[in-house]
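The following account leads the reader through selected features of one protein structure. It takes up a loop, the packing of helices, an aromatic pair and the empty spaces.

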Amino acid sequence: MTAPRIDRRRASALIAAAPLFGLAAPALAQARPRLVVVGGGFGGASAARTAADAGAAVTLVEPNETYVACPFSNEVIVGLRPMEKQRFGYQGLARRGVTLARGSATAVDPGRRRVTLDGGETLDYDRLVVAPGVDLNFEALPGYDEAAAERMPHAWKAGPQTLLLAKMLAAMEDGGTVVMSVPANPYRCPPGPYERASLIAGYLKANKPRSKIIVLDAKETFSKQSLFVEAWKALYPAHIEHVPLSAGGRVTSVDAAGGVLTTEFDTVKAAVGVVIPPQRAGAFARAIGVADKSGWCPIDPLTFESRLIPNIHVIGDAAIAGAMPKSAFSADQQARVAVHAALALAAGKPPPAAKLVNTCYSLAAPGYGFSIAGVYAARDGALAEVAGAGGISPVGASAETHAAEAAYAERWFDAITGRIFG
Ligand code: FAD
């Protein structure tokens, strides 16, 4: 699907600020509805902000004092960005009237509408928003558990893992091979592994020219593939090798101590191994019963209300959001739709219909960006892409266009984090 870049860009700029509601946002009932939000990432923090702005009494449950954002963390890995730029506090939300509950939510009593925290505290709600993000599934890939992740980092949750991978790359000798495994769909940030492969290839080309990165992929095709492949051919012909599923790319086990990844066809020795394992909804969602057998959470596409437990809305990476990718952009959009739906339902009103937007930027090198955008709406019980409304950057774009897209990416990150945490 291609659309003229500038038209699409203008459209994205217009609609990125908020989902498009078919009706005005609902008026609140006389009594202030009580919303409890579990998880202070892009989804949960945006939900808390949206609810506070709408006048609800909102409590945000989050164990960490500081949120560490994943978008742009691939740049941290290769030394292009300081980790400090990824960190965000919750004081801005507190200033807007959000009550902060520091801790982990452990249980829910759906009958009494009550959440329990690990410290024993309980919080009563009219509507609960659940946004715990993903868990790396340490039961899915033989040999890959939390201890193995200390030797072969995933760096798929930004924080110590990001810094560990950066350190390992910097310490690797020239001539060593970086091997990265990529899981089958669905997982957090579909184009993220390929952005990471690109930036690592760029780092190797500049700093360890006898090294390369091999990408072992459990998929045949991937997001923005034509754009990544174009960039790899132009920038890193000697520094990146992609092995798709049909060529034996699926990793079946790892030996982290030995530095070996085994695929259906081969064993590959890594100087630095990076394992992005299969994922599932965060443990809290699975513990309280809003996840199904797939490990993800089925939701109503209009309201994000759980299909399994009433009065609980699941947003962000944990939700099964149909055609919407698991991204920070999506999580923020879903948060706003879910909160307006929750407040309408709490007031006994029908939820407003909305269209949701996602734009995902990727960098193939500093100053070399491209993007994909989509618009989504409820159709036949799921979130489906609105035909003809999205677009992807063209193959063969000029250096100026790639530079502009890289700049848009930075602006997007500043805008979304500023709105949510500022
Ligand atoms: P998270 O952001 O993971 O937040 C979950 C929060 O819930 C955490 O703060 C956690 O502490 C908290 N939590 C978990 N359990 C509990 C509990 N029991 N009680 C209380 N709190 C709890 N997206 C983009 O849009 N653009 C990009 O360019 C982009 N780049 C990326 C690059 C990489 C390398 C990666 C890994 C991801 C990238 N993403 C990008 C994806 C994006 O980071 C995620 O989609 C987004 O963070 C999902 O938001 P979330 O709120 O669902 O989960």
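**A guided reading of the model**

Cys189 lies in the loop between β12 and α6. The model is a predicted one, and in it Cys189 has a positive phi of about 60 degrees although the residue is not a glycine. Pro186 is found in the loop between β12, which spans residues 177-182, and α6. The peptide bond that joins Asn185 and Pro186 is cis, with an omega of about -5 degrees.

From this loop the chain can be followed into helix α6. Helix α6 covers residues 192-207 and packs with helix α7, residues 225-235, at an angle of about 5 degrees, the two axes being 11 Å apart. Angles under 35 degrees count as roughly parallel, and α6 and α7 are therefore roughly parallel to each other. On the side of α6, the contact is made by Tyr194, Glu195, Ala197, Ser198 and Lys205, and on the side of α7 by Phe228, Trp232 and Leu235. By class, the residues of this contact of α6 with α7 divide into 5 nonpolar, 1 polar and 2 charged.

A second helix pair has another geometry to examine. The axes of helix α2 (residues 42-53) and helix α10 (residues 399-421) come within 8 Å and cross at roughly 50 degrees. That crossing angle makes α2 oblique to α10. Helix α2 contributes Phe42, Ala45, Ser46, Arg49 and Thr50 to the contact, while α10 contributes Phe413, Ile416, Thr417, Arg419, Ile420 and Phe421. The contact of α2 with α10 has 6 nonpolar, 3 polar and 2 charged residues.

Phe413 of α10, part of that contact, also leads to the aromatic pairs. With ring centres within 6.5 Å as the criterion, the count comes to 16 aromatic pairs. Among them is the pair of Phe72 and Phe413, which is edge-to-face, with 5.3 Å centre to centre and 65 degrees between the planes. Phe72 lies in the loop between β4 (66-68) and α3 (73-77) and Phe413 in helix α10, so this pair ties together parts that are 341 residues apart in sequence.

The empty spaces remain to be described. Rolling a probe the size of a water molecule over the atoms shows where empty space is left. The second largest pocket has a volume of about 450 Å³. Its lining comprises 25 residues, of which Pro190, Ala323, Met324, Pro325 and Lys326 are the closest to the centre of the pocket. The elements that give two or more residues to this lining are β22 (319-320), β23 (354-365) and β24 (368-379). Of these, β24 gives the most to the lining of the second largest pocket, with 4 residues. The lining of this pocket has 17 nonpolar, 5 polar and 3 charged residues.

Which elements each supply at least two residues of the lining of the second largest cavity? They are β23 and β24. A search of the whole structure finds 3 cavities of 30 Å³ or more, and the second largest has a volume of about 40 Å³. Pro301, Leu302, Val337, Ala354, Leu356, Ala377, Ala378 and Leu383 line this second largest cavity. By class, its lining divides into 8 nonpolar, no polar and no charged residues. The strands β23 and β24 thus recur in the description: each gives two or more residues to the lining of the second largest pocket, and each supplies at least two residues of the lining of the second largest cavity.

Definitions and conventions. Residues numbered from 1 in each chain as written. Predicted model: local features only at pLDDT ≥ 70, side-chain atom pairs only at ≥ 80, totals over all residues. Heavy atoms only, no water. 1 Å grid on protein atoms, 1.4 Å probe; cavity = no way out; pocket = protein on both sides within 12 Å on 5 of 7 lines; lining within 4 Å. Points joined across faces, edges and corners; volume = space filled by probe spheres on them. Nonpolar A, V, L, I, M, F, W, Y, C, P; charged D, E, K, R; others polar. Axes fitted to C-alpha atoms, helices over the stretch in contact; angles between N-to-C directions. Parallel < 35°, antiparallel > 145°, perpendicular 65-115°, else oblique. Contact = heavy atoms within 4.5 Å. Phe/Tyr/Trp six-rings, centres within 6.5 Å; stacked < 30°, edge-to-face > 60°.
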